[in-house]
Structure formats: C-alpha cells, structure tokens
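Q: Could you walk me through one part of this model up close, starting with a single site and then the framework around that site?

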Amino acid sequence: MGNKQIIGVSCGAVALCSASLYRYVFYRNRSRLSEKLLTPSTHSEDFYSKRREASRKMEDLPQEKMHIRSARGQRLDGYYYPAGDHPGKKVCYMVHGYRGNHTSNAGPYVRYYLDQGIDVFSEDHVACGTSEGRFIGYDYFESADCLQWIEFLRSYCGSDVEIILHGFSLGGATVLKICDQCPDNVKLIVSDSGFASAEDVIVPNLRPLQKWLDLMNRIIAGYRLKDTDVRPHVTNTLLPILFMHGTEDETVPLSQAEELYSICSSPDKHLFTVFGARHVEAEYIDPDGYYGILDEYIEKHLGN
C-alpha cells in the first residue's frame, strides 16, 4: 500500500470515528456498538432499580398528555399530573436530563410535590421520549422550548399560576439558562447537577476533538457549544435558586456548581451538597436533607 493510500485510509478512519462520536453525543439515536462501548454504568444497581420503579409508578398516575410545536417546527409532548381534581395554581415543572424522558428524573420526586398540593408538569425534550427531533441541544434548544411550555402553563392554569422549575443535569442547566428570562410566575428554580456549559462536559480534556465536534455541530445542528453557557444568565437573575450537587459527581464536577453559585446574582441562593453522592444522586443519598431544603424554599417563596 502506497503512502497516498495509507493517508487516504487514515483520513477515512478519522472521519468515520468522528462521525460516530458526533452521533453518540448529539444524535437522538446511537449505534448499538457505541452504546455498548462508550456508555458506562456510573451508579449502583439499587439506584437504577429505584429509578425504574419510580418511573413506572409515575406512568400509572392520572395524567393529561399535551402538545406544543417548537419554534423549529417539532412537536413536543408534555404530561400534566394534577394534585387534585383539576389544575391548581401551583405547579412544579420538572425538566429531565440528557437522553431522558418525562419520568426518568421526575419519578422519585412527583409524589413529594403532589402530596403538598402542587401539580407536576414534565415533558419530553426535543429528540427524547415521544417528542420529535433529531438533535440534542445541551440546553440550547431545550431552554427555548422550556419558555414556550411556561407560556403554555400560564394559559392552561391561568395567568396567576405559581411555578417551580426543577431541573436535572442537562435539565438543571436548562432552567439556569432561562433564570433571567422567566415571567413573574416562576417563583423558584432548583438546579440538580446542572452543568455550566456543554464545553465543560463534552470531552473537556481533549480540546482539539471538542473543537472538531463543535464545528460539526455548528454545521449540522446549527449551534455552538459556547451557546449553551449558563454563566451570563445566572449573573443576571433575581430569582431564588437552589443548587443541588454531589461531592463525587464525575459527570458534572462539583466545581461547576460552586462556580455558578459564586457568580449567581440572586439575593436568595443556596448550594446544597451531599457528601459521597454521584451525578443526580443527592436525593438518593440524603433524602431528608434534600427535601428539607426544598420545604424551606417552597414555604418561603410559594407559601405552601
């Protein structure tokens, strides 16, 4: 094989690997091989088992399925769980994480809110669950969609509805991305394991590779990784914000939550950390502490 052939084969292999990695990170559907090779189990089997059971129980609750059309033209599906016989005036909008759906993160928390008389709304992000779309937005698409859903809730529940935004991981970043854009109906934001930007979590230690993925994403999906940065928003908000994070989070290191907390302009903010907790494990490891701080902030800002 000549040098030109070797170079050609090498370039082809690099292009194929890059395309496969891009699909793994940004596309709705992954190849079975990449899923098997690149997706580690980061939690205990007990954690996953309890999440699956909570998700199943949430699916069985009385609910109403809803739809909106995103600004990009995709149909997005949402699910409304009333605490009473009809929509109330207090709603917790739960915002799921990367590649999740409306029950994957909300399941363990839905009964907590319903028992307090707070309705729960949860949706399938673009390219997740039953919603349409091909590309994950790492909060870029999701934050715009979240604002649309808030307007939908204002129409559905009434203009005087009071809303809690409770997001997890990518969802935690999403609610921070809009913390300076929400209508007055939003009374409290909870960011559980939210990242500062996609640049901080997508191969951050391999900058040349990240730059290549960023270029591909700009061409294919239409946004840059820097467009997902939540820092400019948390420095420009007055909303109460709870940052929830585990000390052993390897997916989104605690240092990101500490940075966001330090630069947050909210006059009422709190960083709740749980020793030994991994990604979105704070409630699993310390439920009493987690719900205790939630009780305090809900009582303070929603009078519940």
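A: Happy to! A residue is called buried when its relative accessible area is under 20%, exposed when over 50%, and partly exposed in between, using a 1.4 Å probe and protein chains only. Ser131 counts as buried because its relative accessibility is 2%. This is a predicted model, where local features need pLDDT of at least 70 and side-chain atom pairs count only at pLDDT 80 or more, while totals for chains, interfaces and linings use all residues. Residues are numbered from 1 along each chain as its sequence is written, and side-chain values use heavy atoms, with hydrogens and water left out.

Ser131 sits in the loop that links strand 4 (119-123) to helix 5 (140-157); helices (H or I, at least four residues) and strands (E, at least two) are DSSP runs numbered from the N terminus. Beyond its neighbours within four places in sequence, Ser131 is in contact (heavy atoms within 4.5 Å) with Arg28, Arg75, Leu76, Asp77, Asp124, His125 and Val126.

Now for the framework. Strand 4 belongs to an open sheet of 8 strands with mixed pairing, ordered 1-2-4-3-5-6-7-8; two strands pair if DSSP finds at least two bridges between them. Strand 1 (64-69) and strand 8 (269-274) are the edges, each pairing on one side only. Neighbouring strands are turned by 20° against each other on average, direction ignored; axes are lines fitted to C-alpha atoms, for helices over the stretch in contact, and angles run from 0 to 180 degrees between N-to-C directions. Helix 9 (residues 254-263) packs on this sheet, touching strand 7 (241-246) and strand 8, and its direction makes about 165° with that of strand 8.
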